[in-house]
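Got the model open in your viewer? Let's walk through it one selection at a time.

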Amino acid sequence: MNSSNPKRVIAIKLLVMLSIILLFVSCGGKKHPMEDKVTVVVTIYPLYDVAREVGGDKVQVTCLLPPGASPHTYFPTPDDSLALERAELVLCVGEGLDDWLFPMLKGGSGEEVPVVKMMDLVELQPAVRSGIGEEQKADEGNMNREGKYDPHVWLDVGNMIVLAQEVCRRLSELDEEHSADYEENAEQYIGELRKLDNEFVDATEKFANKKFVAFHSSMTYLAKRYGLSQEAVIEVSPGIEPDPHYLADLINLVKENDIGAVLAEPQFNFQLAKTVSSESGIPLVIVDPIGDPNNPQRDTYIKNMQANLQELEGVLGEKRD
Ligand SMILES: [Zn+2]
């Protein structure tokens, strides 16, 4: 190669400098650069999965909540803020679940990033207040940290379909050139979600017992969709242990109400659920509301939900003597 021509070398250098300047100019604008992937930042793993499924290879998705952590007890890191500075689209659940996201959105470059809040898209269920005895209704006058509504909306497969449609719409807006890809991916994924929904309907219809006690209110929407009954929860405020009186009442309730399962979750210590299960003689089942990228049985939303169904079916599906 002959690179000795000085005019040519200068021309190449100028061209390189010009493209660098153009790159900075284009990054400064709001428009998504055509050759780049769309940068999506999400709070929890199920949302990561939707963005990945609908966006395919046209998106770069970052999930803020690390595997094994609970969104209820998570404290964000400086890396989370950095990830958000690069975001072109943010997906979150909403109040009572990933509130820690919102202060970080106010800082940064000052440019407004579009945020999809799943709780804004779907019908909400009231927050679980006590879980024992009384009606579980939203208390207008008492807006505590958990908010007025239960935030676990993604455990309803129908709500995930709504989210997939919204993500498709937002990505198509940001990156018009690939809108046909997004639509095709969304259609495919929604088909798989419908299949999952049918699997749940078919299996839960045959459950011999439909009543369970959850670790926290994570199964509110799943129970509602499939006619199951979340009779009570062990931790009303996730991450805060109940007092001994509450626990004693709960164990009595489990014993006296023909409840079929006590649920534990991998994001929280199993000990409390184990105690309720052993004291009442009702089987313990592990369900995971979030999923786990490091567990091949639970590394997508659909696989995680199927694993949850299998666990529930194992104890609620059979008649016990
Ligand atoms: Zn939760």
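Before picking anything, a word on pairing: two strands pair if DSSP finds at least two bridges between them. Helices (H or I, at least four residues) and strands (E, at least two) are DSSP runs, numbered from the N terminus. This is a predicted model, where local features need pLDDT of at least 70, side-chain atom pairs count only at pLDDT 80 or more, and totals for chains, interfaces and linings use all residues. Residues are numbered from 1 along each chain as its sequence is written.

**Stop one: strand β3**

Select residues 89-92, which make up strand β3. L91 is a good place to start: it stands opposite V116 in β4, and it is also the bridge partner of V42. V90, meanwhile, has V115 of β4 as its bridge partner.

Widen the selection to the neighbours. Strand β1 (residues 38-42) pairs with β3 in the parallel sense over 3 bridges, and another 3 bridges join β3 to strand β4 (residues 115-117), also running parallel.

Now turn on side chains. Which way do the residues of β3 point? L89 and L91 go one way, V90 and C92 the other. In a regular strand the side chains alternate between the two faces of the sheet. All four of these β3 residues are buried (20 or more other C-beta atoms within 10 Å of a residue's own; 12 or fewer is exposed, in between is partly exposed, and C-beta atoms are placed from the backbone).

**Stop two: the whole sheet, and a helix across it**

Zoom out to see an open sheet of 4 strands in the order β2-β1-β3-β4, with parallel pairing. β2 (59-63) and β4 are the edge strands; each has a single partner, so one side of each is left without a neighbour in the sheet. On average, neighbouring strands here are turned by 20° against each other, direction ignored.

Next, add α2, which lies across β1, β2 and β3 and runs at about 175° to β2. Axes are lines fitted to C-alpha atoms, for helices over the stretch in contact, and angles run from 0 to 180 degrees between N-to-C directions.

**Stop three: α2 meets α6**

Select helix α2 (residues 45-55) together with helix α6 (residues 179-205): their axes come within 7 Å and cross at roughly 125°. That makes α2 oblique to α6 (under 35 degrees is roughly parallel, over 145 roughly antiparallel, 65 to 115 roughly perpendicular, and the rest oblique). At the meeting point, E53, V54 and G55 of α2 face Y182, N185, A186 and Y189 of α6; contact is taken as C-beta atoms, placed from the backbone, within 7 Å.

**Stop four: the other sheet**

Jump to β6-β5-β7-β8, an open sheet of 4 strands with parallel pairing. β6 (229-233) and β8 (284-286) stand at its edges with a single partner strand each, so one side of each lacks a neighbour in the sheet. The twist averages 35° from one strand to the next.

Inside it, 2 bridges join β5 (residues 211-214) to β7 (residues 261-264), and V213 has V262 of β7 as its bridge partner. Helix α10 (residues 301-316) packs on this sheet, touching β5, β7 and β8, at about 165° to β8. Helix α8 (residues 244-256) lies across β5, β6 and β7, at about 155° to β6.

**Last stop: G260**

Finish in the loop between α8 and β7, where you'll find G260. Is G260 buried or exposed? It counts as buried, because it has 26 C-beta neighbours inside 10 Å. Leaving aside neighbours within four places in sequence, G260 contacts N209, K211, F212, V315 and L316. Try a distance too: the C-alpha atoms of G260 and I282, 22 residues apart along the chain, are separated by 6.5 Å.

Terms used. Contact = placed C-beta atoms within 7 Å.
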